[in-house]
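Here is a short, friendly tour of one protein model. Take a look at the sequence and the structure first, and then we can walk through some details together.

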Amino acid sequence: MAINDFAIIGLSNIGRGFALNMQGRKYSVGIYDDDYDTASSFSADCVSRVKAYRDIKALIASVSVPRKIFLCAQADKIDGYISAMLPFLGKSDIIIDFSESLIADVKKRAEDLTLKNIRYLDAAATGPHTELSTGTGIVVGGDDEAYNSCSRILRQLSREYKGFSSCIHSGLSGTARFTKIVHDGIEAALLQVVADGYYMLRTLGEMKIEEISAALAFINEELNLYVLKTAVDILEQIDEESGDPIMDFVMDTANVARNEEHCIKESFLLQVPSLNAGQAVLLKYLSAQRDQRRISASKLYAPDVRYEMGSIRLLDSLKDAMKATMIITYAQGFDLLSAKIDDDEWNYGEDEIARVWSAASTIRSSYVARAQIAFNKNDNLLNLMHDEYFSNQLKSVQKGFREIVMLSAKHSVPVPSIMSALSYYDSMRCAVLPANLIQSQLNYMRRDTVRRYDIQGNFNVDWVVEDKKK
C-alpha cells in the first residue's frame, strides 16, 4: 500500500534537507540509507511524515505511482542503487539524481534507463546545505516529459526569487551536471580570493582576527558575496575553552571537492582558460603538503622589507583587488559555461542560470545579479568583462588591484588568486601575445607546424641559420 509521496535514497546533507523541506510542505517521505540506524534516528527526529525503511523493495512499494525517487547519495553508489531499484520500478517512475557524477555517467544512465522505460533526470542543488530545508537553487537536465511530471515538487523545493521559482530545466541529460561543475569551480576560486584577502590583512596588515572580520564585512557591503559573509561569521567565532578565535586552531589544509576537479577537466576539454578555478584546486593540493612547506619555510629565502603603508590604505587597495579578482573569476566561469551551451542541448542561456545562482547559491553576489542583466541584454556577449558595467568596474579599481600585487611581491605575501587574475586581465587586453615565439619553437623542434598572417595554411619553417662566425 502506497503511503508516501516521495522517496529519498541517501541521507547526505541534500537528502536530509529535502526530507525536511518536503515534511514542512505536508508531504509524506520514505527514506533509505545504507546505515539504517542513521535513517531511523533522522526519521524519529522528523516526528511523523518521514519514515525510514530497511530495504529498497519496501521503500519503492511505499511510494505512490508514478514514483518520484530522489537519489542523494555519493556518486560511486548511484549505479548500485539503480540496479537494486529496477526490479520494482514501473515505466512511469522517475529517478532524480542529485549526485556529483561524471557527465558521461549521467548521460549513460539516461540512455540505459530509457531503454528500460524508466525516466531519469540529473539535477543540481546550488544553495548552501544549511538552506536546503527552506529552498535552494535547482537546475535539472533530462527529457521534457520527465521534468514536467515532477516539476511541481522541484519548484516547491527551490527558493522563490523576485516572484519566480529558482528551478529551471536546463536541457538534455548532463546539462544540469555541467552547470553545477562550473558553479563549484567558481566557488573554489572565490574562496581563494577571500583567503588571499584574509591572509594579506593578517600578515602585512598585522590585524587581529576580530579586526579582519570587520574589514571583510566592510568590503562585503557592496559585494554582498555569500562566501565572504561566511568568512566574516567564521572569524567572529570564539573557542569556549581558550577564549581565542576558533580560526587559530583550524589546520591550514583544504580538501579538493569532486566537482572542482571536474571543472578543471572540462576547462581542458573545452580549451577555456579557467585560470582562477584551476589555481584554487592546485593550491589546495599545495596546502596538503604541510611537511614540505614547514621545511621550505626555514630553507627558502625571502627579503625582509619593512611595510610602511597604513592599514586604511591597505584595506582600500585590497577592496579594489578583491572586487577585480571576483569579477574576473565570474568572467572565467561564465566563459566556460558559454563554451558548452548550444541550441541542441540547452533550453536556457547564461542569463537564466545566473538568475538561479542569484536566488540561491553559494556563489551569489551583486555581481551574479549584474551578470544576469548583462547576458539578458546581450545574447552575443563574448566575455563578461566586455559588458559596460563590468568594464567600468574594472577600470575604477585598477590602482588598488595593481598595488596589492606589487605589495605582495615586494613583501613576500602570497595572494595567488589576485596575481593570477591580473595576469589574465592583462593577457586579455593584449591584441598580440608572445605565443608566436612558443609555436615557432615547437616548429623548430618539429613537434608542430605554424600558421602565418600573410599566407593561409600550416607550415614547417626552415629555421637553420648559418653560423655568423664563419
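How many of the 30 residues of α13 are buried? In this predicted model, the count is 21, so α13 is largely enclosed by the rest of the structure. With buried meaning under 20% relative accessible area, that describes a helix mostly surrounded by its own protein. The length of α13 (residues 311-340) also checks out: at 1.5 Å a residue it should span 44 Å, and its end C-alpha atoms are indeed 44 Å apart.

One partner of this helix is α10 (residues 258-270), whose axis comes within 10 Å of the α13 axis and crosses it at roughly 60°. The two helices are therefore oblique to each other, and their crossing is left-handed. On the α10 side, the contact is made by Cys263, Glu266, Ser267 and Leu270, which meet Leu336, Ala339 and Lys340 of α13. Sorted by class, this contact has four nonpolar, one polar and two charged residues.

Now for some backbone details. Most residues other than glycine have a negative phi, and most peptide bonds are trans. Two residues here have a positive phi without being glycine:

| Residue | Phi | Loop | Relative accessible area |
|---|---|---|---|
| Lys26 | near 70° | between α1 (13-24) and β2 (29-32) | 59%, exposed |
| Glu206 | about 50° | between α7 (175-203) and α8 (209-223) | 67%, exposed |

There is a cis peptide bond too, joining Val65 and Pro66 with omega about -5°. Pro66 sits in the loop between α3 (56-61) and β4 (68-71).

Technical notes. Residues numbered from 1 in each chain as written. Predicted model: local features only at pLDDT ≥ 70, side-chain atom pairs only at ≥ 80, totals over all residues. Heavy atoms only, no water. Axes fitted to C-alpha atoms, helices over the stretch in contact; angles between N-to-C directions. Helix = DSSP H or I, 4+ residues; strand = E, 2+ residues; numbered from the N terminus. Parallel < 35°, antiparallel > 145°, perpendicular 65-115°, else oblique. Left-handed = near helix turned anticlockwise from the far one by under 90°. Contact = heavy atoms within 4.5 Å. Nonpolar A, V, L, I, M, F, W, Y, C, P; charged D, E, K, R; others polar. Expected span 1.5 Å × (residues − 1). Buried < 20%, exposed > 50% of the residue type's maximum accessible area, 1.4 Å probe, protein only.
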